[in-house]
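User: Could you take a close look at one part of this model for me? I'd like to follow how a pair of neighbouring helices pack and what surrounds them.

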Amino acid sequence: MAATTIKKVTIEPVDVPLEHPFTIAIGVQYAIKTALITVTLENGVVGYGEAAPLESINGENQATVLATLHSCKEFLLGKDVADYRKISRHLKGVFWAQVTARCAVEMAMLDAFTKSVGLPLYKFLGGMEDKIETDYTVDIVTPAMARDNAAKLAAKGYRLLKIKVGKNIAEDIDRILAVTQGAPACGITLDANQGFSPMEAINFLEQLKKHNLHPVLFEQPVVKHDLMGMRFVKDHSFIPIAADESVFTPADAINVARAGCADVINIKLMKSGIVDALDIAAIARSANLKLMIGCMLETRLGLACSVHFAAGLGGFGFVDLDPHINPDHDPFTGGPDFGDPLYRLTDVPGIGVSKR
Ligand SMILES: [Mg+2]
């Protein structure tokens, strides 16, 4: 039996309250509710994987990811994590719609495997960069709060702020203006989370111009399956357009490239899993689309895995991996050195996080 064979699997919920509710166009979150899978190998190495579902985005929630992970348990016992692609392909065939749960299994296998071979995950993925810089998100709050948050983030060292929009154009413009007043030196990106119709998105862009606002990116202006609507927005936009919710799979990435509806693809491991995210990145690069990486509301474990992914592959022009948990409340510790706004990778093997 290989030393990298899985001999034990444990599955548990992870609940962390947020200090402030987080509001975007498609809902409000009050807590981080994820699931943790832990695999222990014959060689004693332990690998961790997190599933961070967001029901309004990927149709999964904490209960469904826990159920899916429990369904995978028997299958995983006795499998060799060195065969992570084979295992991942099998699970995709069975649980094709449960991508967030599958991502956790892939994460745990890759964490355990790279620990076993003594490599940090980002080195295993190619080691292109050893640090990345993230933006920070200002969610849908009052203009006064947005101004205050922006000023605090700029003082911490963040140079790019992402502003959630897509609920009400007039209020969105007021909030963007408030952010630019609070942090005049920061660049801004906008994320509508599918909140606009194509015409509303174009009106919104006109309003931005009128107020002399020049964001560097406009993410997912319209509903995810309306690629022609997104193309219409892109054709009338003075800002690059990013596809986020429109791209879950490598096939989605090809459709976005064919439709010519975006300049950037936002990869999130929780939308595609890690193995398919590698294909999406390859498709985006080949189609001359820029790469972005984002996250759901995740603990340090999921976030750290995305940091390894982006640094290992390199070339991510937009990094949106901002932590939303107070580190004192995070069930995990370690991983990359999480500075504001620079994340530095370390030589610790695997993802490098451990349970507190
Ligand atoms: Mg987004």
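Analyst: Happy to! Let's begin with H11 and H12, which run roughly parallel to each other in this predicted model, because the angle between them falls under the 35 degrees that counts as roughly parallel. That angle is about 10 degrees, and the two axes lie 12 Å apart. H11 covers residues 269-286, while H12 covers residues 300-313.

Which residues make the contact? From H11 come Leu-269, Ile-274, Ala-277 and Ala-281, and H12 answers with Cys-305, Ser-306, Phe-309 and Leu-313. By character, this set divides into seven nonpolar residues and one polar residue, with no charged ones.

Ala-277 is a good residue to zoom in on. This alanine sits in helix H11 and counts as buried because 23 other C-beta atoms lie within 10 Å, where 20 or more is the cut-off. Leaving aside residues up to four places away in sequence, Ala-277 touches Ile-267, Leu-269, Ser-272 and Phe-309. Phe-309 is also one of the residues that H12 gives to its contact with H11. Another pair to look at is Ala-277 with Phe-248: 29 residues separate them in sequence, yet their C-alpha atoms are 8.7 Å apart in space.

H11 has a further partner in helix H10, which spans residues 250-259. Here Asp-252, Ala-253 and Val-256 are buried. Seen down the axis of H10, these buried residues fall within an arc of 100 degrees, so they line one face of the helix. What do they pack against? The list holds H11, together with helix H9 (227-235), strand E9 (241-243) and strand E10 (264-267). Just after H10, Gly-260 takes a positive phi of about 60 degrees.

Now for the wider setting. The domain assignment of the chain gives domain 1 as 6-118 and domain 2 as 123-355. Taken over C-alpha atoms, the centres of the two domains are separated by 22 Å. Their contact takes 32 residues from domain 1 and 37 residues from domain 2. On the domain 1 side, the elements that give two or more residues include strand E1 (6-24), strand E2 (27-41) and helix H3 (84-94). Helix H4 (99-116) is in that list too, and gives the most to this side, with 10 residues. The residues of domain 1 that touch domain 2 divide into 16 nonpolar, nine polar and seven charged, whereas the contact of H11 with H12 has no charged residues.

Definitions and conventions. Residues are numbered from 1 along each chain as its sequence is written. This is a predicted model: local features need pLDDT of at least 70, side-chain atom pairs count only at pLDDT 80 or more; totals for chains, interfaces and linings use all residues. Axes are lines fitted to C-alpha atoms, for helices over the stretch in contact, and angles run from 0 to 180 degrees between N-to-C directions. Helices (H or I, at least four residues) and strands (E, at least two) are DSSP runs, numbered from the N terminus. Angles under 35 degrees count as roughly parallel, over 145 as roughly antiparallel, 65 to 115 as roughly perpendicular and the rest as oblique. Two residues are in contact if their C-beta atoms, placed from the backbone, lie within 7 Å. Ala, Val, Leu, Ile, Met, Phe, Trp, Tyr, Cys and Pro count as nonpolar, Asp, Glu, Lys and Arg as charged, and the others, Gly among them, as polar. A residue is buried if 20 or more other C-beta atoms lie within 10 Å of its own, exposed if 12 or fewer, and partly exposed in between; C-beta atoms are placed from the backbone. The arc is that of the directions from the helix axis to the C-beta atoms. Domain bounds come from an automatic or database domain assignment.
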